[in-house]
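Subject: Handing over the structure

Dear colleague,

I am passing on the structure we spoke about, and below it you will find notes on what turned up when I went through it. Please keep it open while you read, so that you can look up each place as it is mentioned.

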Amino acid sequence: MGYCEKCGKELSEGALFCPACGNALGPGETAEGAGNAYGQVPPPAPPPSPYAPSYPPPPPKSSSGVWKKVVIVVVVLLLLLGAGAVVSGIFIFRAVKAPVDVTNRYIAAVNEGDAGKAWGLIHPQSRLKRDYDRRSFEEEVVKESVGVLKSWNAHEVSINGSRARVGVDLEFTDGSTMKLEFELRREGNDWLIFDYVEV
């Protein structure tokens, strides 16, 4: 007696086929020879239950997902760096622009004869406020300078802490030119004219 090599069913003596699965025994192989070296075939493993859940194998990991994350991180970092550069640029531009604006306003006020506006742009410790009072400044500085300028160009700004220097090219209505260097000092949050000299 032996067992079917295919399904493990017990075979009767002399059988040429397995009565359960129809497996044909090889030539010269009979029920006595079927099985392992000891004439036995281990019982087959039970078939899988039809009710057992069947899950598809997980999809292989894709490297494109990792690259997408890397690209997103790089883009975010570039955006942050760009925003920082813009903010720094605006800060530097405003820091440089303020002394130039004050210089331009002072020159315009003097050229237009607005002594009050020009006086308000002068630093309290300036030599102008030491040498003049409000009335003498209007009489001796402003009235002498009304309308003499055709144009001016403030440039060459340098800032060192609470002091700034602004170079100004002046063109007069008679065609002559001059270059002045204005010194400004910070008073609180404001830049004010401290002095100016011809260069």
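In what order do the 4 strands of the open sheet stand, and is their pairing parallel or antiparallel? Please bear in mind that this is a predicted model. The order is β3-β4-β5-β6, and the pairing is antiparallel. Because β3 (149-160) and β6 (190-198) stand at the edges and each has a single partner strand, one side of each is left without a neighbour in the sheet. From one strand to the next, the twist averages 25°. As general background, the strands of a sheet pair through backbone hydrogen bonds, in either a parallel or an antiparallel way.

For a closer look at one such pairing, you could follow strand β5, which covers residues 177-187 and pairs with β6 in the antiparallel sense over 8 bridges. If you want one point at which to find this pairing, go to L180, whose bridge partner in β6 is E198.

The next topic is charged side chains, for which the structure holds 7 salt bridges. One of them joins E183 and R185, whose side chains meet at 3.0 Å, N to O. Are these two residues buried or exposed? E183 is buried, with a relative accessible area of 12%, and R185 is buried as well, at 18%, where the cut-off for buried is under 20%.

Another salt bridge links K97 with D101, their closest N and O atoms being 2.9 Å apart. Both residues belong to helix α1 (residues 63-112), where they are 4 residues apart, or about one turn of the helix. K97 is partly exposed, with a relative accessible area of 37%, and D101 also counts as partly exposed, at 29%.

A salt bridge is also found in helix α4 (residues 134-145), where R134 lies, and here the side chains of E138 and R134 meet at 3.1 Å, N to O. Being 4 residues apart in that helix, E138 and R134 are separated by about one helical turn. E138 is partly exposed, with a relative accessible area of 26%, while R134 is partly exposed at 35%.

R134 has further neighbours, for it touches A115, G116 and W119, leaving aside residues up to four places away in sequence. R134 and G120, which are 14 residues apart in sequence, lie 9.7 Å apart in space, C-alpha to C-alpha.

With best wishes

Definitions and conventions: Residues are numbered from 1 along each chain as its sequence is written. This is a predicted model: local features need pLDDT of at least 70, side-chain atom pairs count only at pLDDT 80 or more; totals for chains, interfaces and linings use all residues. Side-chain values use heavy atoms; hydrogens and water are left out. Helices (H or I, at least four residues) and strands (E, at least two) are DSSP runs, numbered from the N terminus. Contact means heavy atoms within 4.5 Å. Two strands pair if DSSP finds at least two bridges between them. Axes are lines fitted to C-alpha atoms, for helices over the stretch in contact, and angles run from 0 to 180 degrees between N-to-C directions. A salt bridge is a side-chain nitrogen of Lys or Arg within 4 Å of a carboxyl oxygen of Asp or Glu. Buried means under 20% relative accessible area, exposed over 50%, partly exposed in between (1.4 Å probe, protein chains only).
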